Amino acid sequence: MDWLYILIALIAGAFIPTQAGINSQLRDWTGDAALAALISFAVGTLALWVYSLVMRIPWPPLRTAIDLPWWIWTGGLGGAFFVAVTVVLVPRLGAATMVGLMIAGQVLAGIVFDHYGLNGYQVRPATLLRIAGAILLVTGVVLIRRY
């Protein structure tokens, strides 16, 4: 069953440079990175809304939303930042360098989150081998960018 999750992760990963390229062209058309990101999010929101309706996913009670910690709502800000930044970076860095740097940032942050058990992650120590893996990943990004 893990192979299915691995395949889904690979496909989702392939969408990063695809989406960045599409959104970069949308930025060229709109003339603004934030507007391109807004349009991208609006289309995504509409798609998720339709999916939720079709699947008949019930909404949680309003009281539940009110009782959540304030920082729970910041995930959307991170997503908006991510989309807007890819729109700006992809034409300047190219798809491979941009994706490599973003993955390196994700892995480095992931090691910190795992090590300290932040945001509800299970604690997984930042061992020398995990750190070496991150260094090799960063080294790969340098090679991609340079050559």
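Where is the place of Trp-73? In this predicted model, Trp-73 sits in the loop between α3 and α4 (75–93). The legends below take this residue and several other sites in turn.

**View 1. Trp-73 in the loop between α3 and α4.** Trp-73 is exposed, with a relative accessible area of 52%. When its neighbours within four places in sequence are left aside, Trp-73 is in contact with Ala-65 and Leu-68. The value of 52% counts as exposed because the class begins over 50%.

**View 2. The salt bridge of Arg-63 and Asp-67.** The side chains of these two residues meet at 2.8 Å, N to O. Arg-63 and Asp-67 both belong to helix α3 (residues 62–67), and because they are four residues apart there, about one helical turn separates them. Arg-63 is exposed, at a relative accessible area of 52%. The count of salt bridges in the structure comes to three, and the other pairs are shown in the next two views.

**View 3. The salt bridge of Arg-130 and Asp-114.** A distance of 2.8 Å, N to O, separates the two side chains in this salt bridge. Arg-130 lies in helix α6 (residues 128–146) and Asp-114 in helix α5 (residues 95–116), so the pair ties together parts that are 16 residues apart in sequence. Arg-130 is partly exposed, with a relative accessible area of 29%. Asp-114 is buried, with a relative accessible area of 11%.

**View 4. The salt bridge of Arg-27 and Asp-28.** The side chains of Arg-27 and Asp-28 meet at 2.8 Å, N to O. Arg-27 is buried, with a relative accessible area of 16%, whereas Asp-28 is exposed, with a relative accessible area of 53%. Arg-27 counts as buried because its 16% falls under the 20% limit.

**View 5. Asp-32 in the loop between α1 and α2.** Helix α1 spans residues 2–30 and helix α2 spans 33–55, with Asp-32 placed in the loop between them. Asp-32 is partly exposed, with a relative accessible area of 37%. Asp-32 and Ala-84 are 52 residues apart in sequence, while in space the two are 9.6 Å apart, C-alpha to C-alpha.

**View 6. The largest nonpolar core.** Five residues make up this core: Ala-20, Val-90, Met-98, Val-99 and Met-102. Helix α5 supplies the largest share of the core, namely three residues. Val-99, one of the core residues, is in contact with Ile-16 and Pro-17 once its neighbours within four places in sequence are left aside.

**View 7. The aromatic pair of Phe-113 and Tyr-121.** The structure holds one aromatic pair. Its rings, those of Phe-113 and Tyr-121, have their centres 6.0 Å apart and their planes at 85°, so the pair is edge-to-face. The angle of 85° leads to this description because planes over 60 degrees apart count as edge-to-face. Phe-113 is partly exposed, with a relative accessible area of 28%. Tyr-121 is also partly exposed, with a relative accessible area of 47%.

Technical notes: Residues numbered from 1 in each chain as written. Predicted model: local features only at pLDDT ≥ 70, side-chain atom pairs only at ≥ 80, totals over all residues. Heavy atoms only, no water. Helix = DSSP H or I, 4+ residues; strand = E, 2+ residues; numbered from the N terminus. Buried < 20%, exposed > 50% of the residue type's maximum accessible area, 1.4 Å probe, protein only. Salt bridge = Lys/Arg side-chain N within 4 Å of Asp/Glu carboxyl O. Contact = heavy atoms within 4.5 Å. Core = buried A, V, L, I, M, F, W, Y, C linked by side-chain atoms within 4.5 Å. Phe/Tyr/Trp six-rings, centres within 6.5 Å; stacked < 30°, edge-to-face > 60°.
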